[in-house]
Amino acid sequence: MAEFTMPSLGADMDEGTLLEWLVGPGDLVHKGDPVAVVETAKSTIEVECFETGTMTKLLVEPGATVPVGTPLALIGPAKERQPARHAPKKSKPAEPAEIPKPPEPPSPPPEPVPVPAPAPAAARLPGHIEAGPLVRHLAEHSGVDLETLHGSGPGGRVTRTDIEHAAAARAGTKPARLRATPLARRLAAELGVDLATVKGTGRQSAVRASDVRHAAPGPSAPTPPASAAAAPVRPSPVRPSAARPSEDRAAAMRQAISGLMSRANRDIPHYYLSTTMDMAAATDWLHEHNRRSPVGERLLPAALLLKAAALAAREVPELNGFWTDDHFTGGEGVHLGVAVSLRGGGLVAPALHDADTLGLPRLMAGLKDVVARARTGRLRGSEVSDATITVTNLGDQGVETVFGVIYPPQVALVGFGRVVDRPWAVDGLLGVRPVVTATLSADHRATDGAVGARYLSAVSRLLQNPEEL
């Protein structure tokens with residue numbers, strides 16, 4: 001039996017609030033599946049499962065705030081569905097036709113493999129219903145009494161379809177595969193939202209609590225469970241969490257960011273480098289590419305800058321990794337963190353995994369995706385904890401130069417400013433060309449200035465050859 005615990009989703013996270021379970025007891029989960037939604041001081045994040053198995057027991061109720069490492073659920077081995085326990089076993093004996101039973105009267109020739117018909121509902125053993133844990137879970141949340149059903153599965157086993165048809169018959173509608181998390185159903189009842197009208201964004205289009213809130217008329221805030229609201233103050237590591245106003249959330253985020261950056265400035269011996277790079281070749285290539293491409297495949301300058309930063313990190317691996325336990329550990333791949341400003345203030349830096357291997361169109365699509373999900377609270381746990389080097393780009397805000405603070409335990413942060421036209425000499429001739437200022441903040445414990453200079457030179461060289469990005 002394995003424990004699914006509250007993960008650490010960043011160096012600044014000490015605790016998290018479980019907002020919603022995306023699975024229930026008895027559900028089969030696979031490694032990488034999102035199973036819960038957790039709120040940290042900076043963002044709302046979908047947490048993935050790190051094992052494959054059956055979700056045996058949920059230990060923490062939605063609304064509870066627990067420290068990192070607290071067990072949230074128990075995961076058992078993946079179980080295959082077992083055949084019905086009371087299914088007749090007449091077909092088991094070998095060669096029944098060759099062992100006649102004299103006392104029995106003659107009967108019509110039997111079929112090759114005799115399979116008895118399911119027993120009628122009246123013939124069931126009292127109190128026993130053939131149904132798996134997933135079906136029982138669905139019946140409970142659909143308000144269907146299993147005792148009233150005649151199962152259509154082998155041996156009279158009740159199936160998911162039986163539950164859905166029974167629930168639809170009660171509601172007087174056509175049967176539909178309506179999937180929703182328990183918290184979503186509870187919120188729908190509280191907010192007067194018809195789940196059938198809500199488009200689900202969860203696994204297999206399941207309706208989640210955030211979908212219900214968006215569909216609710218007028219502004220609404222998540223309501224903590226009554227059990228959580230009534231709990232005493234800090235009787236244990238688990239404590240209730242009320243819905244925080246946006247001002248409190250912004251203040252909490254600012255406090256978390258300031259605390260982490262203060263620690264980074266205090267503990268990390270930064271050194272800073274800056275250089276200006278010619279963007280003429282990159283800009284010309286970009287214009288030609290966008291002219292020949294459909295609207296959906298056009299690129300922004302940020303895509304070229306990010307790809308160059310990722311490839312340079314692969315060339316200079318001393319800057320791509322983590323400083324932990326007084327030594328440097330290189331990253332397994334270039335997972336490029338991208339600083340994203342959030343609506344209402346604050347920022348997160350989700351990772352574009354293996355960014356050095358992505359083509360520019362896929363990199364551009366990945367960038368749009370993580371930015372959109374970062375601003376709607378839909379990031380995955382791996383995206384906020386796996387970055388090996390971070391890039392901040394404030395060019396769209398008009399900033400020409402940015403010196404960032406390293407996000408521990410990483411050892412480097414790259415900054416890009418706005419692409420601007422400047423006087424520039426090429427082959428002894430002065431002209432006006434587009435240029436960008438790139439900066440590097442690096443950890444002196446892991447590298448020296450010569451390594452940082454080699455990195456920025458690699459970025460500049462790559463941008464002069466955009467067709468190779």
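Two residues are in contact when heavy atoms lie within 4.5 Å of each other. The exercises below use a predicted model.

**Exercise 1. The whole chain**

Task: Describe the protein by its contacts, its burial, its surface and its secondary structure.

Solution.
- Start with contacts between residues at least 6 apart in sequence. Of these, 63% join residues at least 24 apart.
- Turn to burial. The protein has 469 residues, and 43% of them are buried.
- Take the surface next. The accessible surface comes to about 25000 Å², and carbon and sulfur atoms hold 55% of it.
- Finish with secondary structure. There are 11 helices and 21 strands.

**Exercise 2. An open sheet**

Task: Find the strand order of the open sheet of 4 strands, and explain why one side of S1 and of S3 is left without a neighbour in the sheet.

Solution.
- Write down the order. It is S1-S8-S6-S3, with antiparallel pairing.
- Look at the ends. Strand S1 (2-5) and strand S3 (28-29) each have a single partner strand, so each has one side without a neighbour in the sheet.
- Check the S1 end. S1 pairs with strand S8 (residues 71-76) over 4 bridges, in the antiparallel sense. Glu-3 has Leu-74 in S8 as its bridge partner.
- Check the S3 end. S3 and strand S6 (residues 53-58) run antiparallel and are joined by 2 bridges. Here Val-29 stands opposite Gly-53 in S6.
- Now follow the side chains of S1. They alternate between two faces. Ala-2 and Phe-4 point to one face and are buried. Glu-3 and Thr-5 point to the other and are not buried.

**Exercise 3. A residue in strand S6**

Task: Decide whether Thr-54 is buried or exposed, and list what it touches.

Solution.
- Place the residue. Thr-54 lies in strand S6.
- Apply the cut-off. Buried means under 20% relative accessible area. Thr-54 has 14%, so it is buried.
- Set aside residues up to four places away in sequence. Thr-54 then touches Gly-26, Asp-27 and Leu-28, among others. Its list also includes Leu-74, Ile-75, Gly-76, Pro-77, Ala-78 and Lys-79.
- Link this to the sheet. Leu-74, one of the residues touched by Thr-54, is also the bridge partner of Glu-3.

**Exercise 4. A loop residue and its distant partners**

Task: Place Asp-12, classify its burial and find its contacts.

Solution.
- Locate Asp-12. It sits in the loop between S1 and strand S2 (15-21).
- Classify it. Relative accessibility is 19%, so Asp-12 counts as buried.
- Leave aside neighbours within four places in sequence. Asp-12 is in contact with Lys-42, Ala-256, Leu-260, Arg-263 and Tyr-407.
- Compare sequence with space. Asp-12 and Pro-408 are 396 residues apart in sequence, while their C-alpha atoms are 9.0 Å apart.
- Follow Pro-408 onward. A cis peptide bond joins it to Pro-409, with omega of about 5°. Pro-409 is in the loop between strand S18 (389-393) and strand S19 (412-416).
- Put that bond in context. Most peptide bonds are trans.

**Exercise 5. A helix crossing**

Task: Classify the angle between helix H8 (residues 301-315) and helix H9 (residues 360-375), and describe the contact.

Solution.
- Read the geometry. The two axes come within 9 Å and cross at roughly 105°.
- Apply the range. Angles of 65 to 115 degrees count as roughly perpendicular, so H8 is roughly perpendicular to H9.
- Name the residues. H8 brings Ala-302, Ala-303, Leu-304, Leu-306 and Lys-307. H9 brings Leu-360, Leu-363, Met-364 and Leu-367.
- Sort them by class. The contact of H8 with H9 has 8 nonpolar, no polar and 1 charged residues.

**Exercise 6. A hairpin turn**

Task: Analyse the hairpin of S11 and S12, then its turn.

Solution.
- Start with the strands. Strand S11 (residues 321-324) and strand S12 (residues 327-330) pair over 4 bridges in the antiparallel sense. Trp-323 has Phe-328 in S12 as its bridge partner.
- Count the turn. The hairpin has 2 residues between its strands.
- Recall the usual backbone. Most residues other than glycine have a negative phi.
- Check Asp-325. Its phi is positive, near 50°.
- Check Asp-326. Its phi is also positive, about 65°, although it is not a glycine.
- Test exposure. The cut-off for exposed is over 50%. Asp-325 has a relative accessible area of 70%, so it is exposed. Asp-326 is exposed too, with 70%.

How values were computed
Residues numbered from 1 in each chain as written. Predicted model: local features only at pLDDT ≥ 70, side-chain atom pairs only at ≥ 80, totals over all residues. Heavy atoms only, no water. Pairing = 2+ DSSP bridges. Buried < 20%, exposed > 50% of the residue type's maximum accessible area, 1.4 Å probe, protein only. Areas by Shrake-Rupley, 256 points an atom, 1.4 Å probe, with all protein chains shown as cover. Axes fitted to C-alpha atoms, helices over the stretch in contact; angles between N-to-C directions. Parallel < 35°, antiparallel > 145°, perpendicular 65-115°, else oblique. Nonpolar A, V, L, I, M, F, W, Y, C, P; charged D, E, K, R; others polar.
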